[in-house]
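Please look through the sequence and the model before reading on. The report below takes up a helix, some aromatic rings and the surroundings of a ligand, in that order.

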Amino acid sequence: MASADSETRPQEAIPQAVKIIIAGGFGAGKTTLVASVSEITPLSTEEVMTEASYGVDDIGGVEHKTTTTVALDFGRITINDDVVLYLFGTPGQDRFWFMWDELAEGALGAVVLADTRRLDTCFHAVDFFERRGVPFVVAVNRFEGSTVYREEEVRQALDVSADVPIILADARERGSCKEVLVELVTHVIRGRDPVMSG
Amino acid sequence: MRTDGVHGHEAVAGALPEETVRGPAPEAPGHDEEFGQERFLRPFAVTAGDPDTPAVLGPEPSGIDMLSLVVAARVPGRHEWLRPERETILGHALRARTVVELAAEVHLPVGQVRGIVAAMIADGSLQRCGPSRPLARQDILHAVLVGLRSL
Ligand SMILES: Nc1nc2c(ncn2[C@@H]2O[C@H](COP(=O)(O)OP(=O)(O)OP(=O)(O)O)[C@@H](O)[C@H]2O)c(=O)[nH]1
Ligand SMILES: [Mg+2]
């Protein structure tokens, strides 16, 4: 009987899977950005969660828990035979922080999409990545009719340090998204190895 | 193909060879006051269709995370016909796949697929695999930069 054991199959190069996180407030353009640069139609999966309130006893409170699902979308960019990059859009709501923890684990870096109609919605993301020590850039996603901010104003509003790049972006444009990601990776490399990157 | 042993955090997050860049990551406690009164917990018992397999909470117990790579170690369809989702996962894992891709392909929540994948590794249906050519993080970053520029 034929066997499909991995030993008998032709050896196939297995790439390293790495990730970049696309974060930002609700409706900031995360899914749009992922779709703009992904080589596949962004896939969506969900995570099921149980909601508990404070003070509820772990065992006794089971009946009072409600289940919520949160969509997680991701795209993929094959870098070369050795590396495949995944882009993960974070769930728009901050309260799903445990999901953020997992997403942040081992991530190369993060893009925080700042929505100029409501800059404050990305405060949590900025805060989170600063605390976790995940390098990030801020991409200012401009929506029609919203206030036009200068970089300095955004920097002040978000209270991010001078070395964090702030870039104007349009999540609907592939070229713009590509620039944002290049800026992020350059920033990460610079932070790790200031000499090698000019 | 290199088959990874599973050793806790070393094996998770795409098995990156180094720690995250800017120093130690604080753990979850402390987030609560930041993120308001509501708390969302990972489910223990939400395992639709596969009551024997608890969903996995966080990367800890199995060392399997969303970007862990697995590949089928047996032919699908001959065993476990009582658990169709396992056979479906197996069918999708004929080539090495990340857990999150499997989840999207079989339309099940990631946490649940992680639990099933862990069980399938334990029973020898799936095999964990590491990258054929593991790279240092700095080399990965440079490769990613080049790749992104040529998009
Ligand atoms: N003008 C403008 N509109 C944008 C831009 N990016 C996204 N949009 C639009 O804004 C809406 C929301 O974008 P999404 O990509 O779904 O936002 P999201 O961050 O994934 O939203 P949630 O997942 O719900 O938090 C869509 O209708 C987009 O077409 C942008 O750069 N400029
Ligand atoms: Mg979205």
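## A covered helix

In this predicted model, the residues of α2(A) that are buried are A:Trp97, A:Phe98, A:Met99, A:Trp100, A:Asp101, A:Glu102, A:Leu103 and A:Ala104. Helix α2 of chain A runs over residues 97–104, and 8 of its 8 residues are buried, which is the reason to call the helix mostly covered. An α-helix has 3.6 residues a turn, so residues three or four places apart point the same way. Just after α2(A) comes A:Gly106, whose phi is positive, at about 80°.

## Aromatic rings

One residue of this helix, A:Trp100, belongs to an aromatic cluster together with A:Phe128, A:Phe129 and A:Phe136. How many aromatic pairs are found over all chains? A search of the whole structure gives 6 of them. Among them is the pair of A:Phe74 and A:Tyr86, whose ring centres are 6.4 Å apart and whose planes make an angle of 45°, so that the pair counts as tilted, being neither under 30 degrees nor over 60. A:Phe74 belongs to strand β3 (residues 66–78) of chain A and A:Tyr86 to strand β4 (residues 83–89) of chain A, and therefore the pair ties together parts that lie 12 residues apart in sequence. Both A:Phe74 and A:Tyr86 are buried.

Another ring, that of A:Phe143, has a charge over it: the charged end of A:Arg117 sits there, 3.6 Å from the ring centre.

## Around ligand 1

Which residues are the closest to ligand 1? Of the 16 residues that surround ligand 1, the closest are A:Gly29, A:Lys30, A:Thr31, A:Thr32 and A:Asn141. Helix α1 (residues 30–37) of chain A gives the most to this shell, with 3 residues. When the residues of the shell are divided by kind, 4 are nonpolar, 7 are polar and 5 are charged.

The table lists atoms of ligand 1 with the protein atoms that they approach.

| Atom of ligand 1 | Partner in the protein | Distance |
|---|---|---|
| oxygen atom | polar backbone atom of A:Gly29 | 2.9 Å |
| oxygen atom | N or O atom in the side chain of A:Asp170 | 3.0 Å |
| nitrogen atom | N or O atom in the side chain of A:Arg172 | 3.3 Å |

On its own, ligand 1 has 650 Å² of accessible area, and the protein covers 70% of that area. A:Gly29 thus appears both in the table, through a polar backbone atom 2.9 Å from an oxygen atom of ligand 1, and among the residues closest to ligand 1.

Definitions and conventions: Residues numbered from 1 in each chain as written. Chains lettered and ligands numbered in written order. Heavy atoms only, no water. Phe/Tyr/Trp six-rings, centres within 6.5 Å; stacked < 30°, edge-to-face > 60°. Helix = DSSP H or I, 4+ residues; strand = E, 2+ residues; numbered from the N terminus. Buried < 20%, exposed > 50% of the residue type's maximum accessible area, 1.4 Å probe, protein only. Lys NZ or Arg CZ within 6 Å of the ring centre and 35° of its normal. Near = heavy atom within 4 Å. Polar contact = N/O pair within 3.5 Å; in protein donor to acceptor, adjacent residues only side chain to side chain. Areas by Shrake-Rupley, 256 points an atom, 1.4 Å probe, with all protein chains shown as cover. Nonpolar A, V, L, I, M, F, W, Y, C, P; charged D, E, K, R; others polar.
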